[in-house]
Amino acid sequence: MTAELKEYMDQRFDRLECATLIGAKETLTAEEAALYTGYRIKGIYALTSSRQIPHYKKNGKLYFKKEELDRWMTESKVMSEQELRIKATTYVATKKIN
């Protein structure tokens, strides 16, 4: 095995190990929250300091509940065309036109 291949395999293993750990936890650190959400750690800190992301602080450390992160990440749903058509049809059918 070449050194490059070994390094690549080690990196993949580290990422897999980290993903497994994150998957098993309910509460995440800032670094884990960054990996979980896809944000950079600087972005996570910016979001917490502007109070845009749900978080907890204990002894100077930040913590995040995965359930709350999931809700936060999915709170601004973009409706599909089919959902918009249904909503428009329902609106027209239930509102009186003068």
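At what angle do helix 1 (residues 3–24) and helix 2 (residues 30–37) pack, and how far apart are their axes? In this predicted model, the angle is about 100 degrees and the axes lie 11 Å apart. Helix 1 and helix 2 are therefore roughly perpendicular to each other, since angles of 65 to 115 degrees are placed in that class. Helix 1 contributes Cys18, Leu21 and Ile22 to the contact, while helix 2 contributes Glu32, Leu35 and Tyr36. By character, these contact residues comprise 5 nonpolar, no polar and 1 charged.

**Nonpolar core**

The largest nonpolar core consists of 12 residues: Ile22, Leu28, Ala30, Ala33, Ala34, Ile44, Leu47, Ile53, Leu62, Phe64, Leu69 and Trp72. At least two residues of this core come from each of helix 2, helix 3, strand 3 (61–65) and helix 4. Helix 2 provides the largest share, with 3 residues. Ile22 belongs to this core and also takes part in the contact of helix 1 with helix 2. Ala30, another member of the core, touches Ile41, Ile44, Tyr45, Leu62 and Phe64 when residues up to four places away in sequence are not counted.

**Aromatic pair**

The model contains 1 aromatic pair. The ring centres of Tyr39 and Trp72 are 5.8 Å apart and the ring planes stand at 45 degrees, so the pair is tilted. Distant parts of the chain are linked by this pair: Tyr39 is in the loop between helix 2 and helix 3 (41–49), whereas Trp72 is in helix 4 (residues 66–73), 33 residues apart. Tyr39 is partly exposed, at a relative accessible area of 38%. Trp72, by contrast, counts as buried, with 14% relative accessibility, and is one of the residues of the largest nonpolar core.

**Positive phi values**

Most residues other than glycine have a negative phi. Arg51 and Asn59 are set out below with their positive phi values.

| Residue | Phi | Location | Relative accessibility |
|---|---|---|---|
| Arg51 | about 55 degrees | loop between helix 3 and strand 2 (56–58) | 74% |
| Asn59 | near 50 degrees | loop between strand 2 and strand 3 | 75% |

Arg51 counts as exposed, and Asn59 likewise counts as exposed, because the cut-off for that class is over 50% relative accessible area. Arg51 lies in the loop that precedes strand 2 (56–58), after helix 3, whereas Asn59 lies in the loop between strand 2 and strand 3.

Notes. Residues are numbered from 1 along each chain as its sequence is written. This is a predicted model: local features need pLDDT of at least 70, side-chain atom pairs count only at pLDDT 80 or more; totals for chains, interfaces and linings use all residues. Side-chain values use heavy atoms; hydrogens and water are left out. Axes are lines fitted to C-alpha atoms, for helices over the stretch in contact, and angles run from 0 to 180 degrees between N-to-C directions. Helices (H or I, at least four residues) and strands (E, at least two) are DSSP runs, numbered from the N terminus. Angles under 35 degrees count as roughly parallel, over 145 as roughly antiparallel, 65 to 115 as roughly perpendicular and the rest as oblique. Contact means heavy atoms within 4.5 Å. Ala, Val, Leu, Ile, Met, Phe, Trp, Tyr, Cys and Pro count as nonpolar, Asp, Glu, Lys and Arg as charged, and the others, Gly among them, as polar. Rings of Phe, Tyr and Trp (its six-membered ring) pair if their centres lie within 6.5 Å; planes under 30 degrees apart count as stacked, over 60 as edge-to-face and the rest as tilted. Buried means under 20% relative accessible area, exposed over 50%, partly exposed in between (1.4 Å probe, protein chains only). A nonpolar core is a set of buried Ala, Val, Leu, Ile, Met, Phe, Trp, Tyr and Cys residues joined through side-chain atoms within 4.5 Å.
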